[in-house]
Structures are given as structure tokens and as C-alpha cells.
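Colleague: I would like to go through this model with you. Let us take it one question at a time.

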Amino acid sequence: QVQLVESGGGLVQAGGSLRLSCAASGRTFSYTMGWFRQGPGKEREFVAAIVWNPDSTYYADSVKGRFTISRDNAKNTVYLQMNNLKPEDTAVYYCAANGLRLYSTVAVTTRRNYADWGHGTQVTVSS
């Protein structure tokens, strides 16, 4: 099992940027790392994922072109750079991990495929 700790959330105006970090400890390596979010009154939804070696990235349509996921394996950390934020991006953002390499878009975007989760970090975008 791996422990995940998110950071970097906060309050930002529309059009602004934030960078979320997710530090992993415990298991040696997680091939697949993802970000999900849950807005007020909404279900948790997929945002982005990265699969290691070779690095493949996946994004929800709603964030494509604005968000970038990356990872630093030496630091066991995954990042989510969020630019041009919109009020509808307001949510609690969760980091998730899977020790295996997931190979398909359906697999990486499915919440139940991730066994390990962080506690979340709040992102609030004001209009």
C-alpha cells in the first residue's frame, strides 16, 4: 500500500493558476498515478493520469489544454499544473495510485481501478 499526501490547493481567481503536488510513500513505485476531483454535490470524476515507462498522459475533456500532469520519480511525486482556472474547476482534488501499469483510457479513467487515495486538497476558483 502507498500513502498519498496532496498539497497546493487554495483560492484563486478565474484565469489564475495553481500547481498541486502529490507525495507518495510506502510502496516502492506506482506505475499509474491519477488525479480526480469532487465538486459540491457532484460525484468524484477523473481529471488526469500518467502511466510510467513510457510516460502516457490522459486528460478529461474539460481540462485538456489547461491542465498538465507530470511526475518526478526520484521524488515519488506527481504534479498537476492547472492554468486558466474556471469556477467550475472548484472541487476537492484527490491523488490516486495503482501499482500496475494501466493500458487503456477506460482503465485509467475508472475510479475503482485505483486502490490508494489521498485525503484531498481543496481548490476554489472565484469568478
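Colleague: Which residue stands opposite R71?

Modeller: This is a predicted model, where local features need pLDDT of at least 70, side-chain atom pairs count only at pLDDT 80 or more, and totals for chains, interfaces and linings use all residues. Residues are numbered from 1 along each chain as its sequence is written, and side-chain values use heavy atoms, with hydrogens and water left out. Strands are DSSP runs of E, at least two residues, numbered from the N terminus. The partner of R71 lies in β8 and is V78.

Colleague: How many bridges join β7 to β8?

Modeller: Two strands pair if DSSP finds at least two bridges between them. β7 and β8 (residues 77-82) run antiparallel, and the number of bridges joining them is six.

Colleague: Which strands stand at the edges of the sheet?

Modeller: Four strands form an open, antiparallel sheet in the order β1-β3-β8-β7. Two of them have a single partner strand each, so one side of each is left without a neighbour in the sheet. These edge strands are β1 (2-7) and β7 (67-72).

Colleague: Is D116 buried or exposed?

Modeller: D116 is in strand β10 (residues 116-117). Leaving out residues up to four places away in sequence, D116 touches Q1, V2, L4, R27, C95, A96 and A97, where contact means heavy atoms within 4.5 Å. Buried means under 20% relative accessible area, exposed over 50%, and partly exposed in between (1.4 Å probe, protein chains only). The relative accessible area of D116 is 5%, so D116 is buried.
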